[in-house]
Amino acid sequence: MKNYTFRVIIEPDEKNTFHGFVPSLPGCHTWGYSIEETRKNLKEAIKCHVQGLLKDKQSIPRADEAMELIQTFTKQELALA
């Protein structure tokens, strides 16, 4: 049995709820009233998204094909001085 791993991001939004998305699955977004609810909703969203990819005979993105970086800027570089 093959396992698939997806990086998910959950962040607070402006309505005191949480927004969750999967960077490697464009368009795969959801939300919830709590982090746990958002995690649960993301699991269902990923499942539906991947099933759609398979139905359309598209490949499932692999986590090892992505790179994650954190970019730091000074105020001066952003012209915020």
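Let's start with a cut-off: a residue is buried when its relative accessible area is under 20%, exposed when that area is over 50%, and partly exposed in between, using a 1.4 Å probe and protein chains only. By that rule, 20% of the 81 residues of the protein count as buried.

This is a predicted model, where local features need pLDDT of at least 70, side-chain atom pairs count only at pLDDT 80 or more, and totals for chains, interfaces and linings use all residues. Residues are numbered from 1 along each chain as its sequence is written, and side-chain values use heavy atoms, with hydrogens and water left out.

**Exercise 1. Work out the order of the elements and the overall dimensions of the protein.**

Step 1: Get the elements. Helices (H or I, at least four residues) and strands (E, at least two) are DSSP runs numbered from the N terminus. The protein has 1 helix and 3 strands, and from the N terminus on they run β-β-β-α.

Step 2: Check the dimensions. Along the principal axes, the C-alpha atoms fill a box of roughly 50 × 30 × 20 Å. The radius of gyration of the protein is 16 Å, while a compact globule of 81 residues would have one near 12 Å. That radius is taken over C-alpha atoms, and the globule rule is 2.2 Å times the number of residues to the power 0.38.

**Exercise 2. Place T30 and decide: buried or exposed?**

Step 1: Find the element. T30 sits in strand β3, which covers residues 29-32.

Step 2: Apply the cut-off. T30 counts as buried because its relative accessibility is 16%.

Step 3: List its neighbours. Contact means heavy atoms within 4.5 Å. Leaving aside residues up to four places away in sequence, T30 touches F18, H19, G20, T38, N41 and L42.

**Exercise 3. Describe the largest pocket and its lining.**

Step 1: Know what to look for. On a 1 Å grid over the protein atoms alone, a pocket is an open set of points with protein on both sides within 12 Å along at least five of seven lines, where a 1.4 Å probe fits; lining residues have an atom within 4 Å of a point.

Step 2: Read off the space. The largest pocket holds about 430 Å³. Its lining has 14 residues, and the closest to the centre are F6, L42, K43, I46 and K47.

Step 3: Sort the lining. Ala, Val, Leu, Ile, Met, Phe, Trp, Tyr, Cys and Pro count as nonpolar, Asp, Glu, Lys and Arg as charged, and the others, Gly among them, as polar. The lining then splits into 7 nonpolar, 2 polar and 5 charged residues.

**Exercise 4. Find out what is notable about the phi of N16 and of K57.**

Step 1: Recall the background. Most residues other than glycine have a negative phi.

Step 2: Look at N16. This residue is in the loop between β1 (9-12) and β2 (18-21), and its phi is near 60°, a positive value. N16 is exposed, because its relative accessible area is 71%.

Step 3: Look at K57. It lies in the segment after α1, with a positive phi near 60°. At a relative accessible area of 78%, K57 is exposed.

**Exercise 5. Set separation in sequence beside distance in space for E77 and N16.**

Step 1: Place E77. It is in the segment after α1 (35-55) and is exposed, at 54% relative accessible area.

Step 2: Compare. E77 and N16 are 61 residues apart in sequence and 32 Å apart in space, C-alpha to C-alpha.

Note on methods. Grid points are joined across faces, edges and corners, and a volume is the space filled by probe spheres set on the points.
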